[in-house]
Amino acid sequence: MEPNRPGATADRADLHTHTSASDGLLAPAQLVALAAQRGLGAIAITDHDTVDGYLQARELSDLRLRLVPGVELSCAVDGVDVHILGYGFDPLDTELVALLGQRSGQRLDRAAEIVERLQSLGVPVSMERVRAIAGSGTVGRPHIARALVEAGHVSTVGDAFARYLANGRPAYVERPVLTPERAIAALHRAAGVAVLAHPLYSPTYRDFLPALVESGLDGMEVHYPDHNDATRARLGALAERYGLIQTGGTDFHADFGRPGRALGDVTVPVAVIDRMAERAEGRSDA
Ligand code: AMP
Ligand code: ZN
Ligand code: FE
Ligand code: FE
């Protein structure tokens, strides 16, 4: 197994990071600076439903740090959350940008519904506050969680999820379903690749994986903070069987206190980025 530790690692890439353009705590410029400081060779900014953070980072990225266009799309299969990571696509592709706009809008509607539920559960927060915490970025449950902490209803963000916001908890609200097939197609149309994020978060991944492969899934996130060596070996074998590129990253949000999720704690070789580009290229020739 390839070493997965940080440290002067110009040949290593962290391919799963979030900025303040979605629910990360660092601005794109801060994330890029931290990546350079940690000696990483590349990062992908994979904000939820937006490429704004990537576009900002691209303006100021230092040439030694490779910056890969990325995005994370929340999909569902039979009620199970499935996150699809996109890489290497044209960030200005009209149809993809339209899809991201639609999904971001639905995030706002969903947040408003969650806020209503919290109100009726006796732990009110205001939508104004949630929007202020999210700033100009896409709104997500972490912003609502922070509002709940701020209001003194819970002591931590983790608490907010465990008591109210997680799937199955009383303030959980679904969003209109985006199928992985549609996400994959949108990413392919924009000349990118599609990767199944943190498969273990989707308990039924073994059941739906063949269909995703059939739809053109390009890779699987094998290296992830919650995955031990045995899990990585098992997922690696599965990826090999289905001809999937093995990606990885920390899912960095700068939410200190979640161990193993410091930027660059989980990486893959920079060469994985080239493999993804070749795969996208191969498809457009086909
Ligand atoms: P959303 O995009 O609104 O569905 O929120 C999902 C995001 O919430 C994930 O990307 C994580 O960043 C965060 N999240 C999910 N579960 C937890 C948890 N238990 N504690 C802290 N953050 C969480
Ligand atoms: Zn997130
Ligand atoms: Fe995710
Ligand atoms: Fe993520």
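Biologist: OK, a polar contact is a pair of N or O atoms within 3.5 Å. With that in hand, how far is a polar side-chain atom of H48 from an oxygen atom of ligand 1?

Modeller: In this predicted model, the distance between those two atoms is 3.0 Å. That falls within the 3.5 Å limit.

Biologist: And R107, what's the distance there from its side chain to an oxygen atom of ligand 1?

Modeller: An N or O atom of the R107 side chain sits 3.0 Å from a ligand oxygen.

Biologist: What about R141, backbone or side chain?

Modeller: Backbone: one of its N or O atoms is 2.8 Å from an oxygen atom of ligand 1.

Biologist: How much of ligand 1 does the protein cover?

Modeller: Taken on its own, ligand 1 has 500 Å² of accessible area, and the protein covers 79% of that. The space ligand 1 takes up is the largest pocket.

Biologist: Which elements give two or more residues to the shell around ligand 1?

Modeller: Those are helix 3 (94-120), helix 5 (141-150) and helix 6 (157-165).

Biologist: Who else is in that shell?

Modeller: Residues surrounding ligand 1 include D23, R110, F161, H253 and R258. Sorted by class, the shell has five charged, three polar and three nonpolar residues.

Biologist: Switching topic, how many helices and strands does the protein have?

Modeller: There are 10 helices and eight strands.

Biologist: And why does its radius of gyration agree with a compact globule?

Modeller: Because a compact globule of 286 residues would come out near 19 Å, and this protein has 18 Å. Along the principal axes, its C-alpha atoms fill a box of roughly 55 × 40 × 40 Å.

Key. Residues numbered from 1 in each chain as written. Chains lettered and ligands numbered in written order. Predicted model: local features only at pLDDT ≥ 70, side-chain atom pairs only at ≥ 80, totals over all residues. Heavy atoms only, no water. Near = heavy atom within 4 Å. Polar contact = N/O pair within 3.5 Å; in protein donor to acceptor, adjacent residues only side chain to side chain. Areas by Shrake-Rupley, 256 points an atom, 1.4 Å probe, with all protein chains shown as cover. 1 Å grid on protein atoms, 1.4 Å probe; cavity = no way out; pocket = protein on both sides within 12 Å on 5 of 7 lines; lining within 4 Å. Sits in = over half its atoms within 2 Å of the grid points. Helix = DSSP H or I, 4+ residues; strand = E, 2+ residues; numbered from the N terminus. Nonpolar A, V, L, I, M, F, W, Y, C, P; charged D, E, K, R; others polar. Rg over C-alpha atoms; globule rule 2.2 N^0.38 Å.
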